[in-house]
Structure formats: C-alpha cells, structure tokens
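Colleague: Could you take a close look at one spot in this protein for me? I'd like to hear what surrounds it and how that part fits into the rest.

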Amino acid sequence: MTDAVLHVCRACERYTLRELCPICGQPTRTPHPARFDATDRYGVYRRRLLAAVRAGAGSG
Ligand SMILES: [Zn+2]
C-alpha cells in the first residue's frame with residue numbers, strides 16, 4: 001500500500017504530489033495536518049475526555 005504524499009505549492013497554492021511545483025517550479029510543502037481546528041468548539045471537551053481516558057487506561 002502506497003500513500004501518496006500531498007504537497008502544496010508555496011507560490012501558486014496548487015496541490016501536487018511532487019516536491020517541485022509542475023506549474024511554477026517552486027518547492028512545495030506538505031500542508032499541516034488539521035489537528036487543531038479553531039472552529040472545533042468541542043475540541044476542549046474532547047481533549048479533556050482524552051486526557052481522562054489516558055489517565056485511566058494504564059492499568060490494562
Ligand atoms: Zn506553483
């Protein structure tokens with residue numbers, strides 16, 4: 001199984017699978033994973049729950 005790594009051009013913001021933009025030749029970057037979403041209003045509760053789960057999950 002191969003995962004294609006998505007890159008985005010710094011200059012023209014075009015998505016590509018290459019490390020160089022096929023359009024303008026500028027180096028691309030990988031978009032940041034959307035781990036923190038400012039619009040996720042339940043994120044604080046989910047992180048709080050996750051912390052509680054992790055705290056109690058050690059006993060196996
Ligand atoms: Zn480009």
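Modeller: Let's go straight to Arg14, which touches Cys9, Cys21 and Ile23, leaving out residues up to four places away in sequence; a contact here means that two C-beta atoms, placed from the backbone, lie within 7 Å. Bear in mind that this is a predicted model, where local features need pLDDT of at least 70, side-chain atom pairs count only at pLDDT 80 or more, and totals for chains, interfaces and linings use all residues. Residues are numbered from 1 along each chain as its sequence is written.

Arg14 counts as partly exposed because it has 14 C-beta neighbours inside 10 Å; buried would take 20 or more other C-beta atoms within 10 Å, exposed 12 or fewer, and partly exposed is in between. Across the whole protein, 5% of the 60 residues count as buried. Cys24 sits 10 residues from Arg14 along the chain, and their C-alpha atoms are 9.7 Å apart.

As for where Arg14 belongs, it's in the loop between E1 and E2. Strands here are DSSP runs (E, at least two residues), as are helices (H or I, at least four), numbered from the N terminus. The chain goes β-β-β-α from the N terminus. Its three strands make an open, antiparallel sheet ordered E2-E1-E3, with E2 (15-16) and E3 (28-29) as the edge strands, each pairing on one side only. Pairing takes at least two DSSP bridges between two strands. E1 (residues 7-9) and E3 pair antiparallel over two bridges, and Cys9 has Thr28 of E3 as its bridge partner. That's the Cys9 that Arg14 touches.
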